[in-house]
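Visitor: I am new to this structure and would like a close look at a single part. Please take me through the place where the two domains meet.

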Amino acid sequence: MSQIESFKSGFSASFGQLIAEQTGLAIRPSAQAALYQKIFQRMQVLQLASPEYYQLMNSKTSESDREWQHLITLLTNPESYFFRDKEQFSLLKNSILPELIQRNRSTQTLRICSAGCSTGEEAYSLAILLTELLPDQEQWNIKILGVDINLEVLQKAKLGLYRSWSFRGVDGRIQQRYFQSRGHEYQIIPSIRQLPQFQLLNLVQPDFSATAVDFKDMDLILCRNVFIYFERSTICAVLDRLYHALNPRGYLLTGHAEVYDQDLENFQVKVFPESIIYQHPNDPIAVQE
Ligand SMILES: C[S@@+](CC[C@H](N)C(=O)[O-])C[C@H]1O[C@@H](n2cnc3c(N)ncnc32)[C@H](O)[C@@H]1O
C-alpha cells in the first residue's frame, strides 16, 4: 500500500474531525481527495508519517500552532473582491451605515468588523464607504476590525496591494480615487489603508474576550462567505458569539442564504429588497417572548 493510500484508510476520519474542531471547516465528501493531497503535502515537507503528523496536530504546542497555520493556508478559500455583492453594499451605503451614523452622532464612535476578512477587500470597501458618508470622519472614533484565521491573508491585507481581479465590478471612479498604481498592481491610498486593523482570530474558538482582539460592542459585523465552509453546529455556535459581540440594535450581515436554516431567534430579521440583515434587539428578552 502506498503512503497516501495508508493515510487515506487509517487517518482520514480522525483528521477530518480534528480539522472541524480546530477551524470549523467541514470536509465534504467531494473535498476528501483534495484534503488527502494537502495533508500529505505537509507530511512530506516535515518528513513525518501520518501517526506522527496527527500527534503533532493534536498537541497544544507552539510547533503545532505553526503547523496549523501552514495547513490552514492550504485548507481555506481566500476568494474576495472589493464591494463584493453590489446589492448588499448598496444596502449598507443607503440604509444601514447612515442609520448607524445618525444613531451614534452624539458619541461619534463607530465599531465595525469584517469577520473572515481574507485579504482585506471587504474591510477596505467599508472604509471607503465610511469615508464617502462621513465628511467629518476625523472627529469620529472609528474602528474597522478585520479578523481571519489565516495569517498569510492578513499579511496581504495589511499591505493593501491588489491585482486587477480584486476590482471586478468596481466603479472606475472608486478605483481611481482610492488606489495608486504600482506596476501591474494597485495599492490602497494611505488615508484608507490606516483605517482597518487586521488581526488573527479563529471564529470557532469559544471565547473572543479571552483573546487580545477587541471584538466586542460592534455596531455592524459582516461575516460573508465564511459560514458556507462550516459544520451546522459550528455555524450555530459562531452566530451566538457574533450576537454577543454586537451592541444592542447592531447589525449582522451574512452572505445570502448562508444562515437561513439556522435558529436565529435571538435576532430580529430585517428584510430589505437588497438583502436580509440580522439585528441585535434593543431588548433581547422581548424577541424571545
Ligand atoms: C471566501 S473568504 C471570504 C472573504 C470575504 N468575507 C468576502 O466575502 O469576500 C473566507 C475567509 O474565511 C476565513 N475563515 C475560515 N474559517 C475561519 C475561522 N474559523 N475563523 C476566522 N476566519 C475563518 C478564511 O481564512 C477566508 O479568508
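Guide: What follows describes the interface between the domains, and then turns briefly to the ligand and the salt bridges. The model is a predicted one.

The protein chain is split into domain 1, residues 3–75, and domain 2, residues 86–288. Between the C-alpha centres of domain 1 and domain 2 the distance is 30 Å. Domain 1 brings 11 residues to the contact, and domain 2 brings 12 residues.

The extent of such a contact can be put as an area. In general, the size of an interface is often stated as the accessible area that is lost when the parts come together. Here domain 1 and domain 2 bury about 900 Å² between them, and carbon and sulfur atoms account for 51% of that area. On the side of domain 1, the residues that lose the most area to domain 2 are Gly24, Gln69 and Thr73, which together make up 40% of what that side buries.

Next come the polar and charged links across the interface. Between domain 1 and domain 2 there are 0 salt bridges. Polar contacts do occur there: 6 residue pairs, with both residues at pLDDT 80 or more, are found across the interface of the two domains.

As for which elements make up the side of domain 1 that touches domain 2, helices α1 (3–23) and α4 (62–75) each supply at least two of its residues. Helix α1 gives the largest share, 4 residues. Sorted by class, this side of domain 1 consists of 4 nonpolar, 5 polar and 2 charged residues.

Away from the interface count, the structure as a whole holds 12 salt bridges. One of them joins Glu99 and Arg103, whose closest N and O atoms are 2.5 Å apart. Both Glu99 and Arg103 belong to helix α5 (residues 86–103), where they are 4 residues apart, about one turn of the helix.

The last item is the ligand. It has 21 residues around it, and those that come nearest are Ser80, Arg84, Gly116, Asp148 and Asn225. In the case of Asp148, an N or O atom of the side chain is 2.6 Å from an oxygen atom of the ligand. Asn202 places a polar side-chain atom 2.9 Å from a nitrogen atom of the ligand. With Leu203 the backbone takes part: one of its polar backbone atoms is 2.9 Å from a nitrogen atom of the ligand.

Methods. Residues are numbered from 1 along each chain as its sequence is written. This is a predicted model: local features need pLDDT of at least 70, side-chain atom pairs count only at pLDDT 80 or more; totals for chains, interfaces and linings use all residues. Side-chain values use heavy atoms; hydrogens and water are left out. Domain bounds come from an automatic or database domain assignment. Contact means heavy atoms within 4.5 Å. Buried area is the accessible area (1.4 Å probe) that two parts lose on being put together, summed over both. A salt bridge is a side-chain nitrogen of Lys or Arg within 4 Å of a carboxyl oxygen of Asp or Glu. A polar contact is a pair of N or O atoms within 3.5 Å; within protein, one must be able to donate a hydrogen and the other to accept it, and residues adjacent in sequence count only if both atoms are side-chain atoms. Ala, Val, Leu, Ile, Met, Phe, Trp, Tyr, Cys and Pro count as nonpolar, Asp, Glu, Lys and Arg as charged, and the others, Gly among them, as polar. A residue is near a molecule or strand if one of its heavy atoms lies within 4 Å of it.
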